[in-house]
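Student: I would like a close look at a single helix in this model. Please describe its surroundings and its contacts.

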Amino acid sequence: MIEKFLNNIHQGDCLELLKQIPDDSVDMTFADPPFNLKKGYKSYKDGLAIQEYVEWCEKWIAEMVRITKPSGTIYLHNIPKWLTYYASFLNKVADFKHWISWDAPTMPMGKTLQPSHYGILCYAKDAKKLKFYEIRAPHKRDRKSKYLSKDYGGKKAGLHPFGSLLSDVWTDIHRVKHNKYRDDHPCQLPIHLLERVILMSTDENDIVLDPFNGTGTTAIAAKRLGRQYIGLELDKEYVEITKNKLEQEKSNSKLGDSWVSYYLDNIVTLRDKDWENLKKHFYIPQKPEDIDFQQIILTSKLDISVPLKSGHNDTDNLQKLFEPKEDYKKNN
Ligand SMILES: C[S@@+](CC[C@H](N)C(=O)[O-])C[C@H]1O[C@@H](n2cnc3c(N)ncnc32)[C@H](O)[C@@H]1O
């Protein structure tokens, strides 16, 4: 029964469509519903009374839990206000795992405690059966000097060359700001945000379902990572935009044999368990403490053919990339 839904975007009310999906059939569900903030969607009026909004949300959240496999994960993205209601409902029917805070600042608007993060709730259908992978993101660095933002003091020799295991505060993924990257839709999530949660919770060919497809961020992320997808969306135009975009996408977000998430041409998320296979694709300084001032580099980005052809020693040439700047030498 699930087959007719796979790898397609379905137009309609998600509450009706979800009823047709069998119990325990999807590996991951991710919902980014309207936030009840009177946004200008084409087919949906985004302004319900609080009680009405909460009751509506509880209906589709219950459906998300029902269709998720016992090993699966349920993600809900919203502003903290609504997540407090979601959590108190979900605590009765699923197992709390994480409250991820996604720091996505806007311009200051002359208000103290202006909301500048979104929450992503992560629940296991059954914590004992949950499928979950540790993930790493690149170390945070100062924009200009490129040194690590965090002072690891005497522990630098233990630095992971790529980056640390992610905490539940995500500050490295920005909202889609430029119009050239946006569709005609008021709230569009960045694809690499979805790729990150998909890498945490699913394997190749697993099924990812989004009941509020919008213009298809979840489906595109799933396709790029070789997963199967199901998108549900009320608005015909958003469905069309998504289908057109999906046609252009390929399932090839890989480095070697491992699925990874890229932003521009840099890897922004990888699985810890894949590192042993992935490290051969990077030029890594010999001394782990040198990671403090030099980011590792994908070998595909280094033009080492020129020095090799002209008979120079390429390792000497590359090593120059890892020499600290003079002010670093003075201060360390
Ligand atoms: C916040 S947006 C999702 C954006 C999406 N995450 C993206 O990145 O493109 C919410 C979407 O839910 C859709 N929607 C609202 N009510 C719906 C319903 N009952 N069933 C399905 N979709 C609905 C709206 O049309 C809107 O596109």
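Tutor: What follows describes helix H5 and its packing in this predicted model.

Helix H5 covers residues 217-224, and 8 of the 8 are buried, so the helix is largely enclosed by the rest of the structure. The cut-off behind that statement is 20 or more other C-beta atoms within 10 Å of a residue's own. The buried set includes Lys223 and Arg224 as well as Ile220 and Ala221.

Several elements supply the enclosure. The buried residues of H5 pack against strands E1, E2 (26-31), E8 (207-210) and E9 (228-233), and against helices H4 (191-201) and H6 (236-248). Just after H5, Gly226 has a positive phi of about 70 degrees.

The pairing with H4 can be described in detail. The two axes come within 8 Å and cross at roughly 60 degrees. Angles of 65 to 115 degrees would count as roughly perpendicular, and H4 and H5 are therefore classed as oblique to each other. Their crossing is right-handed. On the H4 side, the contact is made by Ile191, Leu194, Glu195 and Ile198; on the H5 side, by Thr217, Thr218, Ile220, Ala221, Ala222 and Arg224. By type, the residues of this contact divide into 6 nonpolar, 2 polar and 2 charged.

The spacing of such contact residues has a general background. An α-helix has 3.6 residues a turn, so residues three or four places apart point the same way.

Methods
Residues are numbered from 1 along each chain as its sequence is written. This is a predicted model: local features need pLDDT of at least 70, side-chain atom pairs count only at pLDDT 80 or more; totals for chains, interfaces and linings use all residues. A residue is buried if 20 or more other C-beta atoms lie within 10 Å of its own, exposed if 12 or fewer, and partly exposed in between; C-beta atoms are placed from the backbone. Helices (H or I, at least four residues) and strands (E, at least two) are DSSP runs, numbered from the N terminus. Two residues are in contact if their C-beta atoms, placed from the backbone, lie within 7 Å. Axes are lines fitted to C-alpha atoms, for helices over the stretch in contact, and angles run from 0 to 180 degrees between N-to-C directions. Angles under 35 degrees count as roughly parallel, over 145 as roughly antiparallel, 65 to 115 as roughly perpendicular and the rest as oblique. A crossing is left-handed if the near helix is turned anticlockwise from the far one by less than a right angle, and right-handed if clockwise. Ala, Val, Leu, Ile, Met, Phe, Trp, Tyr, Cys and Pro count as nonpolar, Asp, Glu, Lys and Arg as charged, and the others, Gly among them, as polar.
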